[in-house]
Every structure is written in structure tokens, then in C-alpha cells.
Amino acid sequence: PKAIESKSGAADIVTQTDKKTEETIISFIQSHYPEHMILGEEGGVITSSSGGAAAGGGSEFLWCIDPLDGTTNFAHSFPSFGVSVGLLHQGVPVAGSVVEFTGGPYCWNTRSFAAGLGLGATCNGERCSVSATDSVQNALLVTGFGYDHDAAWEQNMRFFQHFTHVSRGVRRLGAASVDLCQVALGLTESYHEFYLKPWDVCAGILMVREAGGRVTTLDGRDYSVFDKSMLASNGRVHEEMMRHIEPRVAELQEEHAGLDLQSKWFIPQGYDVKNTG
């Protein structure tokens, strides 16, 4: 199952486990909701149980699937990876589930997260909530770095340096869905990153919101899964972090005219979106 193939580069890989897991999830969704659209990390957009590529037709529902979030960690048996499935209704996350694989060799285990809009968030069936920490000084923060080493990537390196100086620490674990669930569980106070995709975050941001947290873009706008930057937090450290982040993101966009952090990443053709933040 760990047979590895490269995608865009040496660090961007896919395994047979990614592909087989996505196929299994898609088959289940299509058997129950054949009229819904699906967006999978490996397979792209599917509009119906026929498996055809997106070509219109329209649907209010879009399933976002990351069959193995943290593939590199999985390939090295490093315990920060999971399976993430989220459902959007007209652009709004309404249901999500993440199964996190924990422990490592000789002690593997799982944590199962679930959330529904207005229903709260759970971990292994128990209600969970964000932490009560109200200052960055006392916070443990998380970030991530994508495969494109551009100006935004360099800026996030500077954020990493700054917040390492002023907080209890900054971690880079490598699985966005898991990082978001750990904010929802109250283990960490925030998670931020550029260039996340809908399948990375659809389930996780609902976990954070339903656990009492807050999610915005890094330039302070309401966040949707189609945006290109994100800060998710327990809500209590959000403004303090944004006072440092927001002006530097504005400067970044002024200095690099070709850097587009404002437009939406991608909205599948035929998907009926009423709310994208």
C-alpha cells in the first residue's frame, strides 16, 4: 500500500493507499447520494454516479475528500496523517469527519472526529471544544508549508520565526485536517497556512467552528474552503495573531503584483455556490 509515485515533485507524492481509499469513499457516497458532486484530491471532480467529469448539471452539494492527508508522513510511518471527508452545501461546510492515525509503529491508534453544522464537534463520540488560552505567549501554534516555494512561502517562514519567539512554540506536522482537529480538541491554539485546498480543510474548519473557534483568511476576510490563506484558532488568540499577520500579508501583496491571494482557488463547474465567504 506504500508504493510511492511522485506528482509535482519529490516532496509531493501519492501512494496506492491514497488512490484505493478515495475510490472506496467515492463508491460509498455515490451509492447513497448519486446526485451530489464530489471533489477528490486524487480523482478531481465527479458530477454523478456515472463518474463523468464535470460538465455542468449543477448541484448544491459537494463532497471534499482527502483520502490520505499527510501522505509523506504515512509513507514514513510518522504519526500525523488521516482521512478527511467534508460536505459543502452551497459553499458552506455542513458535515465532516476526520480519522486521525496516532501513536506510531508498535502503538498505532486512531481518533475519530465528527461535526455537523449547529450540532457541535466530537472526538471519539465525546464533545470537544477549543482551549481557553487567551494569549499567544501561552499558546502552542501550528503552521504548514506547501510545495510552491514562492513569496508567500517565504513570508510564512518569517511568521514561523516571529511566533516561535513570542509563543510557547510553533509546530509543523504536515496534515492540515489533523492540525485543524487538534485546534478543535484544544491541544493547540491555532493553525495557519497558505494555499490549502478544499479537501484539506472542508471537514477540519467545521470542527473548529463547531468547537467554538474562529476561521478567517490571513488578510482578515471571512474564510471559505476556496480561499488561498487561512488562520484557524480558538478565537481567543485570533486578534493578537492577526495584528502581526494582516499588515504583512497586505505588504506582501503590494510588493508582489503577480501574487494573487484574493481570488478563489477553484470552484468546480456546475457547483451551485451561494456563499464562498
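1. A quick word on terms before we look around: helices here are DSSP runs of at least four residues, numbered from the N terminus. With that in hand, Ser177 has its place in helix H4. Do keep in mind that this is a predicted model.

2. Let's stay with Ser177 for a moment. Is this residue buried or exposed? Buried means under 20% relative accessible area, and Ser177 comes in at 0%, so it counts as buried. Leaving aside residues up to four places away in sequence, Ser177 touches Asp69, Ser84, Val98 and Asp200.

3. Now the rest of that helix. H4 covers residues 176-184, and nine of its nine residues are buried, so the helix is largely enclosed by the rest of the structure. Alongside Ser177, the buried residues of H4 include Val178, Asp179, Leu180, Cys181 and Gln182. After H4 comes Gly186, which has a positive phi, near 85 degrees.

4. Helix H6 is worth a look too. H6 runs over residues 238-255, which makes 18 residues. From its first C-alpha to its last, H6 reaches 25 Å, close to the 26 Å expected at 1.5 Å a residue. Where does H6 kink? Look at His244: a kink of about 30 degrees lies there, shortly before the proline Pro247.

5. His244 is also among the buried residues of H6, together with His238, Met241, Met242, Ile245, Val249, Leu252 and Gln253. What covers these buried residues? The cover includes helix H3 (151-166) and four strands: S11 (140-143), S13 (190-194), S14 (214-216) and S15 (229-233).

6. Next, empty space. Rolling a probe the size of a water molecule over the atoms shows where such space is left. In this model the count comes to one cavity of 30 Å³ or more. The largest cavity has a volume of about 60 Å³.

7. Which residues line the largest cavity? On the list are Gly144, Phe145, Gly146 and Asp148, then Ala152, Trp153 and Asn156, and finally Glu193, Phe194 and Tyr195. H3 and S13, which also help to cover the buried residues of H6, each supply at least two residues of this lining. The largest share, three residues, comes from H3.

8. One last point, on the character of that lining. The residues around the largest cavity divide into five nonpolar, three polar and two charged. If you want to find the cavity on screen, Trp153 and Tyr195 are among its lining residues.

Definitions and conventions
Residues numbered from 1 in each chain as written. Predicted model: local features only at pLDDT ≥ 70, side-chain atom pairs only at ≥ 80, totals over all residues. Heavy atoms only, no water. Expected span 1.5 Å × (residues − 1). Bend = angle between axes of the 7 residues up to and from the residue. Buried < 20%, exposed > 50% of the residue type's maximum accessible area, 1.4 Å probe, protein only. Contact = heavy atoms within 4.5 Å. 1 Å grid on protein atoms, 1.4 Å probe; cavity = no way out; pocket = protein on both sides within 12 Å on 5 of 7 lines; lining within 4 Å. Points joined across faces, edges and corners; volume = space filled by probe spheres on them. Nonpolar A, V, L, I, M, F, W, Y, C, P; charged D, E, K, R; others polar.
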